[in-house]
Amino acid sequence: MAKTILIVDDSASVRQVVAIALKGAGYDVIEAVDGKDGLSKLNGQKIHLIISDVNMPNMDGITFVKELKQLAAYKFTPVIMLTTESQESKKQEGQAAGAKAWVVKPFQPAQMLAAVSKLILP
């Protein structure tokens with residue numbers, strides 16, 4: 001059974017690039033347009049990993065991760081932040097919220113897949 005990854009990003013083109021890479025590697029993908037949409041897409045289903053942008057309308061990625069980690073079913077779900085933010089203070093804010101990895105845009109699909117494979121359990 002394929003592992004399921006939730007992609008949360010307001011950019012349809014970024015979601016598409018990430019989804020193509022992940023599907024090509026055998027993962028199932030769910031897409032959400034912002035943090036609020038991401039929380040609504042959880043629906044109690046098993047999500048093995050989440051990839052989230054930081055800067056999004058309605059609910060930013062840091063707030064999304066903080067709210068996600070309040071939910072018992074997703075407390076230990078690994079999160080990769082995918083963002084244009086490369087400031088150390090923003091990375092620390094993401095880690096404090098519960099993010100396990102930080103990938104800066106633009107990125108190569110192989111770089112994203114390497115981060116995913118380090119965090120997702122076989």
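This passage describes the packing of two helices and the nonpolar cores in a predicted model.

Two packed helices are described by the angle between their axes and the distance between the axes. Helix α3 spans residues 61-69 and helix α4 spans residues 88-97. Their axes come within 8 Å and cross at roughly 15°. Angles under 35 degrees count as roughly parallel, and α3 and α4 are therefore roughly parallel to each other. The crossing of α3 past α4 is left-handed. On the α3 side, the residues that meet α4 are I62, V65, K66 and K69; their partners in α4 are E93, G94 and A97. Sorted by class, this contact is made up of three nonpolar, three charged and one polar residue.

The largest nonpolar core holds 20 residues. Within this core, the residues touching the most other members are L6, V8, I47, I50, F64 and M81. Two or more residues each come from strand β1 (4-8), strand β2 (28-32), helix α3 and strand β4 (79-83). The contribution of α3 is the greatest, at four residues. Helix α3 thus has a place both in the contact with α4 and in the largest core.

The surroundings of V8 can be listed in detail. Apart from neighbours within four places in sequence, V8 is in contact with A32, D34, G35 and G38, and also with I50, I51, S52, D53, M56 and F64. Two of these partners, I50 and F64, are named with V8 among the core residues that touch the most other members.

A second core, separate from the one above, has 19 residues. Among them are V14, Y27, V29 and L82.

Note on methods:
Residues are numbered from 1 along each chain as its sequence is written. This is a predicted model: local features need pLDDT of at least 70, side-chain atom pairs count only at pLDDT 80 or more; totals for chains, interfaces and linings use all residues. Side-chain values use heavy atoms; hydrogens and water are left out. Axes are lines fitted to C-alpha atoms, for helices over the stretch in contact, and angles run from 0 to 180 degrees between N-to-C directions. Angles under 35 degrees count as roughly parallel, over 145 as roughly antiparallel, 65 to 115 as roughly perpendicular and the rest as oblique. A crossing is left-handed if the near helix is turned anticlockwise from the far one by less than a right angle, and right-handed if clockwise. Contact means heavy atoms within 4.5 Å. Ala, Val, Leu, Ile, Met, Phe, Trp, Tyr, Cys and Pro count as nonpolar, Asp, Glu, Lys and Arg as charged, and the others, Gly among them, as polar. A nonpolar core is a set of buried Ala, Val, Leu, Ile, Met, Phe, Trp, Tyr and Cys residues joined through side-chain atoms within 4.5 Å. Buried means under 20% relative accessible area, exposed over 50%, partly exposed in between (1.4 Å probe, protein chains only).
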